[in-house]
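Welcome! Open your viewer, get comfortable, and let's walk through this structure one selection at a time.

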Amino acid sequence: MNYDPQTALERCETLMLDMDGTILDLAFDNYIWKDLVPRRYAAENGLTFEEARGRLFEKYAAVQGDLEWYCLDHWNDRLGIDVVKIHHDVTHRIGYLPGALEFLRTMHKREVRVLLVTNSHPDTLALKDAVTGLADYFDGLYSSHAFGHAKESQSFWEALREEVEFDAETTLFVDDSEPVLQSAADYGVGMLLRVTRPDTSAPAARGSSFHGVEGVRDMLP
Ligand SMILES: [Mg+2]
């Protein structure tokens, strides 16, 4: 079933929210992976910024949708640069998307179970929570790393359901990733919404097979 955003929010008993690009501004992650890491990698390897970006984007693409992509230790080993430190150096750039905190506060007062469902590594999740305090607004935090499968995989949804009882039909899942939403749809999650502007430093995405909202705030009247 396909519901418009406000109807879906009214109808849901469990609300599952992605973190990066849904609640938090993806500008932080994009700045790190598309700017800072290539800069550092270029300096370490005697490459130009463009060369470094080209090589890194190939490495990124090779593991997109896999858990390794979200694991900072993996990149520390793989690239030989301290990506954990890079994250810690720029934590002041971590922030909510416009209206996201207001949305979380509103939902926290309602009789709806709100779960964070993220591919983010537990260490990155902890770092982002330390900066934003987002955990206060959720009834549970679930990182796909704990299950050994990314959200793109059906095994993730099976493992999540073993961990948390939820009725797929009355669950609303919000994410900014088309492949992740498709995976949730294949599993049978009843209501799906796509955030079309996950990164405030970039324009909104266009063209999607899912209902879209620019930001989660747009689900409220
Ligand atoms: Mg996301």
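Leaving aside its neighbours within four places in sequence, which residues is Ile23 in contact with? Select Ile23 and look around: beyond those four places, its contacts are Leu17, Tyr96, Leu97, Ala100, Leu134 and Val216. Keep in mind as you go that this is a predicted model.

Next, add Leu172 and Val216 to your selection. Together with Ile23, these are the residues with the most contacts inside the largest nonpolar core, which has 44 residues. To see where that core comes from, colour the elements that each give it two or more residues; among them are helix H1 (5-11), strand E1 (14-17), helix H6 (100-108) and strand E4 (171-175). Now colour by domain: at least three residues of this core come from domain 1 (5-25 + 95-219), and at least three from domain 2 (28-92). There is also a second, separate core of 6 residues; select Val37, Leu56, Trp75 and Val83 to find some of its members.

Time for the sheet. Show the strands and follow the order E3-E2-E1-E4-E5-E6: these 6 strands form an open sheet with parallel pairing. At the edges you will find strand E3 (140-143) and strand E6 (211-213), each pairing on one side only. Turn the view to see the twist, which averages 25 degrees from one strand to the next.

Zoom in on E4 and E5, which pair in the parallel sense over 4 bridges. Pick Val174, and opposite it in E5 you will see Leu193. Last stop: select H9, which packs on the sheet and touches both E4 and E5. The direction of H9 makes about 180 degrees with that of E5.

Definitions and conventions: Residues are numbered from 1 along each chain as its sequence is written. This is a predicted model: local features need pLDDT of at least 70, side-chain atom pairs count only at pLDDT 80 or more; totals for chains, interfaces and linings use all residues. A nonpolar core is a set of buried Ala, Val, Leu, Ile, Met, Phe, Trp, Tyr and Cys residues joined through C-beta atoms within 7 Å. A residue is buried if 20 or more other C-beta atoms lie within 10 Å of its own, exposed if 12 or fewer, and partly exposed in between; C-beta atoms are placed from the backbone. Domain bounds come from an automatic or database domain assignment. Two residues are in contact if their C-beta atoms, placed from the backbone, lie within 7 Å. Two strands pair if DSSP finds at least two bridges between them. Axes are lines fitted to C-alpha atoms, for helices over the stretch in contact, and angles run from 0 to 180 degrees between N-to-C directions.
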